[in-house]
Amino acid sequence: MEGNTAVPEQLHGRETAILQRLAAGLSDQQIADELCLSLHTVKWYNRQIYSKLGVKSRTQAIASAQNLGLLPNESAGAPLFGPASHLPAQTAPFIGRSRERADARRLLDRTRLLTLTGTGGIGKTRLALQVAEALAASYADGARFVDLAPLADHTPVLKAVAGALGVVEQGSASLLENLKRALAQRELLLLIDNFEHVLAAAPLLSTLLAAAPRLSVLVTSREPLHLAGEQEYAVPPLTVPPADTSSAQRLADSEAGALFVRRAQLALPRFAVTEANAPAIARICIRLDGLPLAIELAAARCKLLTPQALLARLEGADADATFQALGGGTRDAPARQRTLRDTIAWSYNLLRTDEQRLFARLSVFQGGRSLEAIEAVCAEGLAIDVFDGLASLVDKSLVQQQEGVGGELRFTLLEVIHAYALERLEASGEAAALRRRHTEYFVALAERAEPELRLAGYDHWCQVFELERDNFRAALAWSLSVEEPADRAQATLGVRLAAALGMFWYSKGYHVEGYGWTQQLLARLDEAPVRYHPRFLISAARLAWFQELEAGRRLLWRALACARALGDTLQAAWALIFLGYTLLHEPGAAMPLAEEGLASFRALNHLPGMAQALNIVGEIARVSGDDRGAQQAYGECLAICQQTGETRRITYTYNNLAYLAQHAGDAERALQLARQGFQLAHDRHDRNETAVTIAGALDIGPAPQPDRLRHAVRLLGAAEADREQTGAFIQPSDAPEYHRILGEVRAHLDNASFQAAWAEGRRMTLEQALAAALEATGDERSLAASDS
């Protein structure tokens, strides 16, 4: 070539291949990956090339090679396409995700821009690599990988994409023009990883997709790109094992369990699942919400800790200790994923200041939170609209949204993200103020809803209260905390909340839990203004009488005296009728109290109070053998409840009327009434009422078949186990009827058969026992015929 000097030393094949890739703009690491060499070897070859060409840098080497004719003039701008894939090799085994892989492949058939979103550590990159690897062969030019994590901002994104494709600036054309031209006729899958911190560069993808009609782009990001035509796909956590898991097989059936075991075995080859450690592994997976990174970090600790010891650290630890237990990732992991704290901090640091404040404040809630609650508790002092800030946190995968009661949205944080947010809240100095606002909000919510629990709103508000149980617990715990012992308002909030929750705890069978909270608050009652005492004492008494009727009676006498001193006629009436209930077995003392309370409710025209009082009059009469008086009281109670829409009491009234029919020997009428009550409870999905009414709905008959008897015993056993799990007790007025029915069942079975069926029933859920009974009998007479 005219004007060129001779090559000082001939380049051999490997050096030429590397020189071509240097000219194409590939990084040393990309060259190493493409040619299956180590990074050290590529750097060694680079030095050899520089030495032979008599230059000192990559730029000089490319220029010298072009001058010497070693590269075609267009090679610096020409990409090195081909059918082969250029994806990072995955060294760790990939577990599960069959549904997600199928979903992503199906979506890529319908869209050209698919963004896998999710919180850090959810497994977006590994899933994307699996999908790209599976699809690469279906693209004529294969698949290419671009990692944006090392970039400090959005400005080098174009260069990073071009470099991965072997495209560099050439002549007068810009790098973007060269890249568009290079892609125009290509059929390629481009996988771009970690886009969340360079979102300002997202329009580049729209430009490339417009220029290249056969280009498909698969992106991973902690938040969507918000581009036209973008298909979002939120990567869910791994499936977790059931809480009662006790075997290796049940663990392996869940993705989180299988991942934990595999990762633990990498750290400790002799690690094995046993009946002793399987429950702990299951609870670890559940506590970590199936988050793959968290599970891998936890499992690696099995080199030093048993799963039981690790679980104890996670369950009993504060946020800092939790993150210590989940530290120590592999050295070759990205820096942002070597510890769980680093992973979450990466996302947190991308937030604006007020978004960070809102994120931290959300940690004051437990379980979930409604938009109304978030606005009431978290909005103060923020320069951003709470709704907009929350939408941003959802977009960034730090907050998840779910559908609650009536389609209302609820917002949740994964456990480990909640722990990090709580760290930020404690560091902010706002924790005390937020906890007070949180408690004030839930006290107001409970007090607003409490009257509805005796009307047609019972089912709706019980669903709301079920969703908010963790928040109620957090508020009660704060009210009892000793951080501010002189703050009488703090204890007052707890007293008010427990008073408002008393009906919920009582009716849903949370007797043990409610008793525990009210007993703790009794010791702080004097710190609350006396006007709150009667309502609280009545709630505390109704939960105490499951332990001992006398204990409940003492509290009710206090409530009555206090209410009368305050001139609170309504609370005095409640105290009177419940005092009558505690004297069930002394009708001469009980009935006057209940009737006095009933008269007060009539004078006040308080229909829910009248219904409750009439029910108690009926209970006293029934327990004392006055079935005629009980029938009259129950009938009037039923009429009032049908007027007010108090479905819960209608359920129990049917059950009480069934008892009276049983006493009269009218088996057919008894079964009809009991089934009405059972069906109503079951259709409303009320577990406690279903368990209560199930005994009366059993069709034993005078000469029952053994199979039917065994199913009856299983149902009773399952109901007992359900009560124990909930912390519920049988009502004092129902206990004689329950033991009578149980005795009738036992009389028809030998002890061994009874005990075997009872034990089997206790191992079943109530729903399983119901379904088994219906399926086995195929007879609507066995129970209310409903799909359980």
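This is a short walk through a few places in the structure shown above, residue by residue and pair by pair. Please keep in mind throughout that we are looking at a predicted model.

Let me begin with a single arginine, R410, which belongs to strand β8, the stretch covering residues 409-412. Is R410 buried or exposed? With a relative accessibility of 7%, this arginine counts as buried, because the limit for that word is under 20%. Its side chain comes to 3.2 Å from the backbone oxygen of G368, and a polar atom of that side chain also lies 3.4 Å from the backbone oxygen of L467. If we set aside the neighbours within four places in sequence, the residues in contact with R410 include R369, S370, Q400, Q401 and Q402, and they also include G404, E468 and N471.

For a contrast, I would ask you to look at A210, which is found in helix α9, residues 203-211. A210 has a relative accessible area of 68% and is therefore exposed. Its C-alpha atom is separated by 9.0 Å from that of K180, a residue that is 30 places away along the chain.

Next, I would like to spend a moment on one helix, α31, which runs over residues 627-644 and has 18 residues. From its first C-alpha to its last, α31 reaches 25 Å, close to the 26 Å that would be expected at 1.5 Å a residue. Which residues of α31 are buried? They are A630, A633, Y634, C637, L638, I640, C641 and T644. When you look at the spacing in that list, it may help to recall that an α-helix has 3.6 residues a turn, so residues three or four places apart point the same way. The cover over the buried residues of α31 includes helix α30, residues 607-623, and helix α32, residues 647-663. After α31 comes G645, and the phi angle of this glycine is positive, near 80°.

Let me turn now to charged side chains, where the count of salt bridges comes to 45. One place to look is R684, whose side chain meets that of E689 in a salt bridge with 2.7 Å from N to O, and which also forms a salt bridge with D686, at 3.9 Å from N to O. Both D686 and R684 are buried, and E689 is buried as well.

A second place is helix α36, residues 735-747, which holds both E744 and R740, four residues apart and so about one turn of the helix from each other. These two form a salt bridge in which the closest N and O atoms are 3.4 Å apart. Here the surroundings are described by another word, since E744, at 37% relative accessibility, counts as partly exposed, and R740, at 26%, likewise counts as partly exposed. The pair also belongs to a wider arrangement, in which salt bridges that share partners join E619, R622, D734, E737, R740 and E744 into one network.

The last topic is the aromatic rings, of which the structure holds 20 pairs. In the pair made by F359 and Y420, the ring centres are 6.5 Å apart and the planes stand at 40°, so this pair counts as tilted. F359 sits in helix α17, residues 353-361, while Y420 sits in helix α20, residues 415-428, so the pair ties together parts that are 61 residues apart in sequence. Both F359 and Y420 are buried.

F465 and F472 also form an aromatic pair, and this one is edge-to-face, with 5.1 Å from centre to centre and 80° between the planes. F465 counts as buried at 0% relative accessibility, and F472 counts as buried at 2%. What do ring pairs link F465 and F472 into? They are part of a cluster that also takes in F365, Y441, F442, W461, F504 and Y510.

Finally, there are two places where an arginine lies over a ring. The charged end of R542 sits over the ring of Y506, at 3.8 Å from its centre, and R746 lies over the face of F754, where the distance to the ring centre is 4.1 Å.

Terms used:
Residues are numbered from 1 along each chain as its sequence is written. This is a predicted model: local features need pLDDT of at least 70, side-chain atom pairs count only at pLDDT 80 or more; totals for chains, interfaces and linings use all residues. Side-chain values use heavy atoms; hydrogens and water are left out. Helices (H or I, at least four residues) and strands (E, at least two) are DSSP runs, numbered from the N terminus. Buried means under 20% relative accessible area, exposed over 50%, partly exposed in between (1.4 Å probe, protein chains only). A polar contact is a pair of N or O atoms within 3.5 Å; within protein, one must be able to donate a hydrogen and the other to accept it, and residues adjacent in sequence count only if both atoms are side-chain atoms. Contact means heavy atoms within 4.5 Å. The expected span of a helix is 1.5 Å times one less than its number of residues. A salt bridge is a side-chain nitrogen of Lys or Arg within 4 Å of a carboxyl oxygen of Asp or Glu. Rings of Phe, Tyr and Trp (its six-membered ring) pair if their centres lie within 6.5 Å; planes under 30 degrees apart count as stacked, over 60 as edge-to-face and the rest as tilted. A charge sits over a ring if NZ of Lys or CZ of Arg is within 6 Å of the ring centre and within 35 degrees of the ring normal.
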